[in-house]
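Q: Please take a close look at the cavity in this structure and at the residues around it. What lines it, and how are the aromatic rings and the helices arranged?

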Amino acid sequence: MNHDWIDILLSPYYHNSFFHIILELTAVIFTIFSVFYAQKNNIWVYPIGIVSTIIYSYLTFYTSLYGNFIINLYYTFMSFYGWYIWMYKKDKNKKISITFCNKKDYFYTFILFLSTCIFSMMVYFFYGKLQSHFDWMDILTTGIYFSGMYQMSMKKVENWIFWMVGNGISVPIYFFKGFVLTGILFIILLLLAIVGFFIWKKKALNPMLS
């Protein structure tokens, strides 16, 4: 009886290929490492994160999670952009400091969030998949994560708030879609985002720590 909950958690993997299980596990490990590097304001967040986002791009498209597929494609492109920006600024001795958002940043973030949600809805309509609450949650998290990734590339403290909200919403989505390891991962990422927020907040208030 005590093993029933284990069977429930592992049941989605009874029908999955070994290849897909290994891919998901690899993406989970690389994602956790990328968040640790993000907390430390270390540029390795990007190359390590790119590996996980490419894998998740494949997995989410394969399981018709089109919103999350768009998210991971966006993560991949923004990771290359952020990687370039961080390296370029560093080479020019103009290292980007961790700061709080101003009104202009909030405006751009809102426009990005709104346009992303609208675009995601269009993708779902195109594939005829907008049929459940999980589809709408997927659209919402797409907008949230787009905004968070944009703010992260600009080194804004508030990017962690987007990760907190998005990760919390994503947990049931991934469990429902059979990505048990990823569902557990997002619980961990939610906790890491909370820690990351306070680390970056401290660095923003004390620029010498950035």
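A: What follows goes from the cavity to its lining, then to the aromatic rings, and last to one glycine.

The model is predicted. A search of the whole structure turns up 1 cavity of 30 Å³ or more. Its volume is about 440 Å³. The lining is made of 25 residues, and those closest to the centre of the cavity are Thr-31, Ser-34, Val-35, Tyr-75 and Trp-163. A general point helps in reading such a result: rolling a probe the size of a water molecule over the atoms shows where empty space is left.

Several helices contribute to the lining. At least two lining residues come from each of helix H2 (18–39), helix H3 (45–62), helix H4 (66–91), helix H6 (133–153), helix H7 (159–176) and helix H8 (180–205). Helix H3 gives the most, with 6 residues. Sorted by class, the lining holds 16 nonpolar residues and 9 polar ones, while charged residues are absent from it.

Next come the aromatic rings. The whole structure has 11 aromatic pairs. One of them is formed by Tyr-74 and Phe-146, a stacked pair with 3.6 Å from centre to centre and 10° between the planes. An angle under 30 degrees counts as stacked, so the 10° of this pair meets the cut-off. The pair links distant parts of the chain, since Tyr-74 is in helix H4 and Phe-146 is in helix H6, 72 residues apart. Are these two residues buried or exposed? Tyr-74 has a relative accessible area of 14% and is therefore buried, because buried means under 20%. Phe-146, at 9% relative accessibility, also counts as buried.

Ring pairs also join Tyr-75, Tyr-145, Trp-163 and Phe-186 into a cluster. Two members of this cluster, Tyr-75 and Trp-163, were named above among the residues closest to the centre of the cavity.

The last stop is Gly-183, which lies in helix H8, one of the helices that supply the lining. Gly-183 has a relative accessible area of 0%, so this residue is buried. Which residues does Gly-183 touch, not counting those up to four places away in sequence? They are Val-171, Tyr-174 and Phe-175. For Val-171, the C-alpha atom is separated from that of Gly-183 by 4.8 Å, although the two residues are 12 residues apart along the chain.

Conventions: Residues numbered from 1 in each chain as written. Predicted model: local features only at pLDDT ≥ 70, side-chain atom pairs only at ≥ 80, totals over all residues. Heavy atoms only, no water. 1 Å grid on protein atoms, 1.4 Å probe; cavity = no way out; pocket = protein on both sides within 12 Å on 5 of 7 lines; lining within 4 Å. Points joined across faces, edges and corners; volume = space filled by probe spheres on them. Helix = DSSP H or I, 4+ residues; strand = E, 2+ residues; numbered from the N terminus. Nonpolar A, V, L, I, M, F, W, Y, C, P; charged D, E, K, R; others polar. Phe/Tyr/Trp six-rings, centres within 6.5 Å; stacked < 30°, edge-to-face > 60°. Buried < 20%, exposed > 50% of the residue type's maximum accessible area, 1.4 Å probe, protein only. Contact = heavy atoms within 4.5 Å.
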